[in-house]
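Thank you all for coming. I would like to walk through one model this morning, going from its loops to its helices and then to the ligand, and I will try to say no more than the coordinates allow.

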Amino acid sequence: DNSLANRVQRVKPSPTLAVTARAAELRAAGKDIIGLGAGEPDFDTPEHIKQAAIEAIQAGQTKYTAVDGTPELKQAIQKKLAGQNDLSYELNQILVSAGAKHSIYNVMQAILDADDEVIIPIPYWVSYPDMARLADAVPREIEATKDQRFKITPEQLEATLTSKTKLVILNSPSNPTGVAYTRAELQALGAVLENYPRAYVLTDDIYEHILWADEPFTNIVNACPGLKERTIVINGVSKGYSMTGWRIGYAAGPADVIGAMKKIQSQSTSNPCSIAQAASVAALTGDQGCIAPMLKAFRERHDFVVNALNNMKGVEAVEGDGTFYTFPRVQGAIDNLGLKTDVELAEHLINEANVALVPGSAFGLDGYARISFATSMENLEKAMDRLAKALG
Ligand code: PLP
């Protein structure tokens, strides 16, 4: 018959949709809703990057490029990984895709078979489990609440790894928590992984540049070089350079995995946008000074929001290390208001406080909420005021 594929039915519709739709509805009705749901920086793309795109158009760089990215961009990525991350890759170990999201999707399509297990720490970036399901694999989740600063322990990892584990996903600094693993913590996780040679590791480094921890950025390959031959490093220009709309991300890893991803990409999307690739060369090779003012603003907002949240009844926020999110526990507020779930709390807050945030259950952890501070300080001050009043 003409029903949809099973694979589609395995993917759940996002629980964030209800709140987003309600926010749009209320805005359309003229209500002054403050959105704290943004998944992207609120800054404009830096001028020199936009100029590079304009010049690329004028120079006629408007045709297909190599499937895996232009030589200029691949070389810029190679240099970036060597210079900023102390990781050396050959050009056939690098693939440029239409956003880090596309890179991650390609990884899963390239290495997962039916019934393979994918270890995903909770709370997670919403797409990981569904991408695993789209690849016919089975998500195996490890819950890490605020009491462990949202970081999985080596013991938890050991208890979840099996002979079926094909992929372990790490995201540091993390969406939705803003927390980053230390080098020592990554070394401890890596020591466990050494005993499971079948498992690939995916390190999602997309928030690398939005980090204010004491330690410089470190991923699991930096911490455990022995894992390099089965780790895929994911990064991109979206968050650090405020380029979410340009859709350029990349993967670096073992040549056979990258080659398989390239083959999949060649039969699906082909090359990412030629103009966006030219802009990304400017982002990676141009003045890195454009990052610092954005980082400074995010950190100031983080400090303000976390402090404001911790002064609210029934709310407990953990200090983050980076990103533009915080993930407070709000179970106390849910209880105080006589509500049942974090989804009900989000609905209550949008109706009573005109503030839109995303319930924690969207990220796999009930009793929490994700607040994005990728919006102006003025908005944040107003929003925190309204939340404090609504929570009593
Ligand atoms: N990984 C994480 C953890 C993210 O939060 C996001 C964006 O929200 C992505 C990947 C995807 O980034 P891109 O815009 O490059 O596809």
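**Loops, helices and the ligand shell**

Let me begin with Asn354, which lies in the loop between helix H14 (342–352) and strand S10 (355–356). Please keep in mind throughout that this is a predicted model. The phi angle of Asn354 is near 55 degrees, a positive value in a residue that is not glycine. As for its surroundings, Asn354 has 18 other C-beta atoms within 10 Å and is therefore partly exposed.

A second residue of this kind is Ser242, where phi is near 50 degrees, again positive and again in a residue other than glycine. Ser242 sits in the loop between strand S7 (231–236) and strand S8 (249–252). Is Ser242 buried or exposed? With 22 C-beta neighbours inside 10 Å, against the 20 that the class requires, Ser242 counts as buried.

Ser242 also leads us to Thr45, because the contacts of Thr45, once residues up to four places away in sequence are set aside, are Lys50, Tyr241, Ser242 and Met243. Thr45 belongs to the loop between strand S1 (34–35) and helix H3 (47–58), and with 19 C-beta neighbours inside 10 Å it counts as partly exposed. For a sense of scale, Thr45 and Thr269 are 224 residues apart in sequence, and their C-alpha atoms are 25 Å apart in space.

Within helix H3 itself we find Ala56, which has 21 C-beta neighbours inside 10 Å and so counts as buried. Not counting residues up to four places away in sequence, Ala56 touches Gln61, Ile275 and Ala278. Between Ala56 and Lys263, which are 207 residues apart along the chain, the C-alpha separation is 27 Å.

I turn now to the cis peptide bonds. One of them runs from Ile122 to Pro123, with omega near 0 degrees, and Pro123 is found in the loop between strand S3 (117–122) and helix H6 (127–134). Another runs from Ser172 to Pro173, with omega near -5 degrees, and here the proline is in the loop between strand S5 (165–171) and helix H8 (183–193).

Each of these loops leads into a helix that I would like to discuss, and I take H6 before H8. In H6, the buried residues are Tyr128, Pro129, Met131, Ala132 and Arg133, and they pack against helix H1 (6–10), helix H5 (100–111), S3, strand S4 (138–143) and S5. Leu134, also in H6, has 18 C-beta neighbours inside 10 Å and therefore counts as partly exposed. Leaving aside its neighbours within four places in sequence, Leu134 is in contact with Arg7 and Val11, while its C-alpha atom is 9.8 Å from that of Leu112, 22 residues away in sequence. After H6 comes Asp136, whose phi is positive, near 70 degrees.

Which residues of H8 are buried? They are Leu186, Leu189, Gly190 and Leu193, and because they cover an arc of only 105 degrees around the axis, they lie on the same side of H8. An α-helix has 3.6 residues a turn, so residues three or four places apart point the same way. The partners against which the buried residues of H8 pack are helix H7 (154–160), S5, strand S6 (200–204) and helix H9 (220–223).

For a pair of packed helices, I would point to H12 (residues 291–310) and H15 (residues 377–390), which pack at an angle of about 5 degrees, with their axes 11 Å apart. H12 and H15 are therefore roughly parallel to each other. On the H12 side the contact is made by Arg301, Phe304, Val305 and Ala308, and on the H15 side by Met377, Leu380 and Met384. Sorted by class, this contact has six nonpolar, no polar and one charged residues.

Finally, the ligand. How many residues surround the ligand, and which are the closest? There are 13, and the closest are Gly99, Ala100, Lys101, Asn175 and Ser238. By class, the shell around the ligand divides into three nonpolar, eight polar and two charged residues.

With that, I am happy to take questions.

How values were computed
Residues are numbered from 1 along each chain as its sequence is written. This is a predicted model: local features need pLDDT of at least 70, side-chain atom pairs count only at pLDDT 80 or more; totals for chains, interfaces and linings use all residues. A residue is near a molecule or strand if its C-beta atom, placed from the backbone, lies within 6 Å of it. Ala, Val, Leu, Ile, Met, Phe, Trp, Tyr, Cys and Pro count as nonpolar, Asp, Glu, Lys and Arg as charged, and the others, Gly among them, as polar. Helices (H or I, at least four residues) and strands (E, at least two) are DSSP runs, numbered from the N terminus. A residue is buried if 20 or more other C-beta atoms lie within 10 Å of its own, exposed if 12 or fewer, and partly exposed in between; C-beta atoms are placed from the backbone. The arc is that of the directions from the helix axis to the C-beta atoms. Two residues are in contact if their C-beta atoms, placed from the backbone, lie within 7 Å. Axes are lines fitted to C-alpha atoms, for helices over the stretch in contact, and angles run from 0 to 180 degrees between N-to-C directions. Angles under 35 degrees count as roughly parallel, over 145 as roughly antiparallel, 65 to 115 as roughly perpendicular and the rest as oblique.
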